[in-house]
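Thank you all for coming, and please have the sequence and the picture in view while I talk. I will go slowly, and I will begin with a term that we need before the sheet makes sense.

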Amino acid sequence: MDIKISVMNLSDFNNIKDILITEFDDFWNSETLKEELLNSNSKYIVAKLENEIVGFAGIKIIFDEADIMNIVTKKTYRNKGIASLLLENLISLSNNSGIKSINLEVNEVNLSALHLYKKFGFKKLGIRKNYYKNKNAIIMRKLVRNGR
């Protein structure tokens, strides 16, 4: 698969806003994603196969730390390495932005996401009780070695 990663823009958002919940996930509504995309502290990237958006991911930067807000792959394209590619690009983006650490919360039952983050060197810091509708969130962090 020839996946291209680029900065997500409003045109990309408009292409997925009506299928966000059905084709991706129901974690956020389109207005929340749009607010994130327009936030000057947030950086979003999109994965495209030809002209089809097959995934996106974003971070919010606060001083020298980044919080991963989401990494989402279109349901029909899961388990094809797209989330890994997105995460790799978020780490690179953070590294180039002088970020010292990347933080995230992940649902304790999302084993594929937990595996992905561990594969990229994220370490468990703690737990947020009942963060996801009666499910705990695992707090994870990765130190970015080349942060400036």
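Two strands are said to pair if DSSP finds at least two bridges between them. With that in mind, please look at Ser101, whose bridge partner in β7 is Leu143, and then at Leu104, whose bridge partner in β7 is Met140. Both examples belong to the pairing of β5 with β7, two strands that run antiparallel and are joined by seven bridges. As general background, strands of a sheet pair through backbone hydrogen bonds, and the pairing can be either parallel or antiparallel. I should also say at once that what you see is a predicted model.

Let me now step back to the whole chain. Its secondary structure comes to five helices and seven strands, and if you read along the sequence you will find the pattern β-α-α-α-β-β-β-α-β-α-β-β. The radius of gyration is 15 Å, close to the 15 Å that the globule rule gives for 148 residues, so the chain is as compact as a globular protein of that length. Along the principal axes, the C-alpha atoms fill a box of roughly 40 × 35 × 30 Å. Of the 148 residues, 43% are buried, and the chain exposes about 8,700 Å², with carbon and sulfur atoms supplying 46% of that area. If we take the contacts between residues at least 6 apart in sequence, 59% of them join residues at least 24 apart.

How are the seven strands ordered in the sheet? They form an open sheet in the order β1-β2-β3-β4-β5-β7-β6, and the pairing is mixed. The strands at the edges are β1, residues 3-7, and β6, residues 123-132; each has a single partner strand, so one side of each is left without a neighbour in the sheet. On average, and ignoring direction, neighbouring strands are turned by 25 degrees against each other. Two helices deserve a look here as well. Helix α3, residues 30-38, packs on the sheet and touches β2, β3 and β4, with its direction at about 115 degrees to that of β2. Helix α5 also packs on the sheet, where it touches β4, β5 and β7, and its direction makes about 160 degrees with that of β5.

Now let us stay with the edge strand β6 for a moment. This strand is hardly covered, since the count of buried residues among its 10 residues is one. Its pairing with β7 is antiparallel and runs over six bridges; along it, Gly126 has Ile139 of β7 as its bridge partner, and Tyr132 stands opposite Lys135 in β7. The two strands form a hairpin with two residues between them, and in that turn Lys133 has a positive phi of about 40 degrees.

From the edge we can move to the interior. In soluble globular proteins, nonpolar side chains tend to be buried together. Here the largest nonpolar core has 30 residues, and those with the most contacts inside it are Ile68, Leu87, Tyr117 and Phe122. At least two residues of this core come from each of β2, β3, β4, α4, β5, α5 and β7, and the largest share, five residues, comes from α4. What does Tyr117 touch, not counting residues up to four places away in sequence? Its list is Ile68, Ile71, Leu87, Leu104, Val106, Phe122 and Met140, and you will remember Leu104 and Met140 as bridge partners from the beginning of this talk. There is also a second, separate core of 13 residues, which includes Ile16, Leu20, Phe24 and Val46.

Finally, please find the start of the chain, where Met1 lies in the segment before β1. Is Met1 buried or exposed? Exposed means over 50% relative accessible area, and Met1 counts as exposed because its relative accessibility is 57%. Even so, leaving aside neighbours within four places in sequence, Met1 is in contact with Leu49, Tyr77, Lys80 and Ile82. Met1 and Leu49 are 48 residues apart in sequence, while their C-alpha atoms are 7.4 Å apart in space.

Methods: Residues are numbered from 1 along each chain as its sequence is written. This is a predicted model: local features need pLDDT of at least 70, side-chain atom pairs count only at pLDDT 80 or more; totals for chains, interfaces and linings use all residues. Side-chain values use heavy atoms; hydrogens and water are left out. A nonpolar core is a set of buried Ala, Val, Leu, Ile, Met, Phe, Trp, Tyr and Cys residues joined through side-chain atoms within 4.5 Å. Buried means under 20% relative accessible area, exposed over 50%, partly exposed in between (1.4 Å probe, protein chains only). Helices (H or I, at least four residues) and strands (E, at least two) are DSSP runs, numbered from the N terminus. Contact means heavy atoms within 4.5 Å. Axes are lines fitted to C-alpha atoms, for helices over the stretch in contact, and angles run from 0 to 180 degrees between N-to-C directions. The radius of gyration is taken over C-alpha atoms; the globule rule is 2.2 Å times the number of residues to the power 0.38. Accessible areas come from the Shrake-Rupley method with a 1.4 Å probe; for residues, only the protein chains shown count as cover.
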